[in-house]
Amino acid sequence: MSIQPITQTIDLGDGRLVTIETGKLAKQADGSVVVRMGNTMLLATAVARPEAGENVDFMPLTVDYREMYASAGRFPGGFFKREARPSDQEILISRLIDRALRPTFPDDFHAETQVLVYLISHDKELLPDCLAGLAASAAIAVSDIPFTAPISEVRVARIDGNFVVNPYRKDLERADLDLMVAGNANDIVMVEGEMKEVGEDALLSALEVAHKAIKIQVAAQVELASKIGKVKRAYTHEKHNEDLKSRIYAFAYQRAYDIANEGNPNKKLRAEKFRAIRDEFVSGLTAEEASENSFLIKSYFHSVEKKAVRDCVLNERKRLDGRKLDEIRPIWAETDYLPMVHGSAVFTRGETQSLTTVTLGTKLDEQIIDGVVFEGKNRFLLHYNFPPFSTGEAKPMRGTGRREVGHGNLALRALKQVVPSNFDYSVRIVSDILESNGSSSMATVCAGSLAMHDAGIPVSSHVSGIAMGLISDEETGKYAILSDILGDEDHLGDMDFKVAGTRGGITACQMDIKVNGLSFEVLKEALEQAKRGRLHILDVMDSVQANPRVEFKPFVPQIVTMVIPGEFIGAVIGPGGKHIQELQKSTNTVISLEDVDNKGVIEIAGSDPEGIRMAQDRIRQMTTVPTPGDKFMGVVKKITTFGAFIEILPKKEGLLHISEYAWEKTPDIAQVLNEGDTLEVQLLEIDESTGKLRLSRRALLPKPEGWVAPPERGPRPEGGRDSGRGDRPRPRRD
């Protein structure tokens with residue numbers, strides 16, 4: 001039996017093709033596709049429950065992206081040797097897909113929906129994340145799940161001055177701009193990426209290039225869906241009481257508008273006033289009516305509050321907390337707050353606060369990455385924590401959530417651009433959000449930059465971050481761009497656009513758009529307004545600490561790097577690590593050694609400068625190639641009748657013959673030297689055939705006045721041996 005799948009091909013325009021295939025794998029899912037570019041293949045499936053749950057007024061969408069180790073011909077690491085919890089990389093890609101897909105479902109569709117994307121074949125030069133959004137959208141497009149319009153995602157990078165869509169991995173290393181962009185046929189809906197201090201115009205140009213490619217991929221999905229011909233399912237997931245809805249609007253709209261127009265900066269007081277309107281309305285209902293309609297009452301009041309707040313912003317050009325549209329909340333910050341950490345800062349903007357620490361470590365503190373797509377080590381880490389008390393709530397403390405991974409990654413991408421590539425330390429930044437009311441990820445950027453200054457990391461400049469919002473009305477054409485948005489403005493608004501950067505340009509950005517029709521003109525205006533806000537915040541940060549600390553704090557480990565020839569790596573490590581372990585113990589240092597291009601890169605870390613110096617000297621001795629004429633301070637290791645063996649370098653010994661001890665004759669070497677004695681010697685020669693070293697003490701002493709050299713000895717008799725005692729033959733013992 002043969003299966004005839006249906007395929008659709010997309011030409012990327014440079015000879016590379018992307019194919020979408022359906023009807024061959026996972027046919028019991030509501031929709032499934034295999035997307036392939038080169039030898040990279042993704043399997044995506046979509047399944048939605050037939051009905052929505054009771055009293056659900058949101059889209060219960062779950063998106064999971066997983067990378068299978070078999071796709072790269074590898075075994076998973078760890079004890080169990082199987083895929084387990086998703087890695088940070090998989091979580092980040094899942095978030096990219098989710099944020100692009102979620103706005104494309106109908107507002108009244110509430111059936112639980114699951115989208116799964118698997119990497120099933122991995123070509124190391126073709127990164128799969130730029131295909132994951134296409135695969136997920138195509139799986140829904142060929143299903144009967146309701147969908148307003150297909151989307152797609154592409155990577156756009158600026159490489160050697162040119163914009164490239166879905167570049168090869170090796171070329172991406174030269175990029176100064178790296179963006180993931182998602183959109184539909186008409187609009188961009190999601191952006192996330194990092195840049196090396198580029199201007200706003202470059203970002204806009206990248207978005208235009210990306211959207212052009214997205215339109216082609218969306219058109220291909222529409223054509224593929226037409227070939228399938230599957231009809232989207234009918235559904236009724238919402239029940240309404242139009243009379244109740246009208247009564248609530250008439251009762252609450254103007255009251256909510258007035259509260260929004262008051263300009264109260266305290267979010268708890270605002271929330272209490274909004275809640276009081278609802279409580280007053282409910283108190284006028286019978287107990288039975290209030291109980292039967294509790295879900296609808298809550299939903300309708302939320303809709304009225306949202307409309308009132310948005311209308312107030314558009315009409316009054318004033319915000320919930322009384323600020324102007326482009327006004328930044330009050331900021332205070334402090335560095336060196338924690339006395340025993342390597343670097344610390346508190347950054348507070350309005351009701352959002354981050355306490356951030358920096359810890360400096362050695363090469364041994366690097367993060368080892370053992371993923372399917374990415375392997376290697378990471379020396380710059382940033383962890384973001386969002387405890388429940390930051391919003392005044394009491395919730396169970398679970399493991400790190402997707403939101404925390406995503407916010408931490410955005411801040412990391414913003415800050416790593418200003419850290420010198422040759423900085424010897426491993427860096428771990430930890431941001432604990434102590435208060436939250438809008439853009440805690442951007443507060444993390446600001447606090448992280450200040451903490452790096454306090455730690456003495458030689459960063460090129462401060463980095464600040466700001467979150468921009470948008471409220472718009474399609475009917476009237478009015479819109480308002482908001483700087484430094486509140487949590488409520490994020491929830492009630494149409495856009496969340498986070499921009500981080502230096503005075504020189506943007507280093508990272510993240511944008512989610514919840515409405516259709518955002519023009520490039522509005523986006524350009526938002527970027528210019530964001531730049532003004534970013535520069536204002538940088539001024540405040542400079543007033544706190546403008547330059548990095550000149551010297552590290554006393555308890556920060558000092559690190560010295562050495563490079564040795566590759567042939568000496570084994571000598572420094574020793575059998576089973578014996579030599580390097582002894583060296584660390586005797587000098588109270590931490591030493592790591594790595595083979596890089598047949599050279600040994602050694603990192604010595606310690607809090608005692610003398611210990612570091614001793615370790616350096618020992619390593620130099622162990623890796624020195626002695627040459628005739630060199631002088632050494634040696635240690636007597638063994639006494640013999642004909643001389644002494646002297647260790648001139650670690651694990652390198654030479655013979656000091658009795659005749660080379662002094663100009664005068666030495667009757668017995670044991671009378672002048674003992675094992676463990678130190679003395680200065682000079683290397684006379686190295687035997688080319690055996691590598692043995694011949695040493696002299698006499699060569700370093702002044703020649704006595706009137707000293708006459710003894711006559712040279714003749715050649716040895718055939719078969720004779722030089723016993724080291726002149727020409728007298730050694731007596732034979734029977």
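Axes are lines fitted to C-alpha atoms, for helices over the stretch in contact, and angles run from 0 to 180 degrees between N-to-C directions. The exercises below concern a predicted model.

**Exercise 1.** Determine how helix α1 is set against helix α9, and which residues meet between them.

*Solution.* Begin with the two helices, α1 covering residues 88–101 and α9 covering residues 402–415. Their packing angle is about 95°, and their axes lie 10 Å apart. Because angles of 65 to 115 degrees count as roughly perpendicular, α1 is roughly perpendicular to α9. Turning to the residues, D88, I91, L92, S94 and R95 of α1 meet R402, R403, V405, G406, H407 and N409 of α9.

**Exercise 2.** Follow strand β17 and work out which strands it pairs with, in which direction, and the hand of the unit it forms with α9.

*Solution.* Take first the pairing with β13 (residues 352–361), which is joined to β17 (residues 426–435) by 9 bridges and runs antiparallel to it; within this pairing, G361 has S426 in β17 as its bridge partner. Next consider β16 (residues 380–385), which runs parallel to β17 and is joined to it by 6 bridges, with D432 in β17 as the bridge partner of N385. Finally, β16, α9 and β17 together make a β-α-β unit that is left-handed.

**Exercise 3.** Describe the open sheet of 8 strands, giving its strand order, its edges and the turn between neighbours.

*Solution.* Reading across the sheet, the order is β8-β7-β9-β10-β21-β20-β18-β19, and the pairing is antiparallel. The edge strands, each of which pairs on one side only, are β8 (162–165) and β19 (479–483). Neighbouring strands are turned against each other by 15° on average, with direction ignored. For one pairing in detail, look at β7 (residues 152–159) and β9 (residues 175–183), which run antiparallel and are joined by 8 bridges; here V156 has L179 in β9 as its bridge partner.

**Exercise 4.** Identify the helices α10 and α12 by the strands they touch, and then examine α12 itself.

*Solution.* Helix α10 (residues 440–455) packs on the sheet by touching β18 (464–472) and β20 (495–501), and its direction makes about 160° with that of β18. Helix α12 (residues 520–544) also packs on the sheet, touching β10 (188–198), β18, β19, β20 and β21 (506–513), at about 145° to the direction of β18. The 25 residues of α12 reach 36 Å from first C-alpha to last, close to the 36 Å expected at 1.5 Å a residue. Buried residues of α12 include V522, L523, A526, L527, I537, L538 and M541, and Q529 and R534 are buried as well.

Key. Residues numbered from 1 in each chain as written. Predicted model: local features only at pLDDT ≥ 70, side-chain atom pairs only at ≥ 80, totals over all residues. Heavy atoms only, no water. Pairing = 2+ DSSP bridges. Helix = DSSP H or I, 4+ residues; strand = E, 2+ residues; numbered from the N terminus. Contact = heavy atoms within 4.5 Å. Expected span 1.5 Å × (residues − 1). Buried < 20%, exposed > 50% of the residue type's maximum accessible area, 1.4 Å probe, protein only. Right-handed = clockwise from strand over helix to strand, strands pointing away. Parallel < 35°, antiparallel > 145°, perpendicular 65-115°, else oblique.
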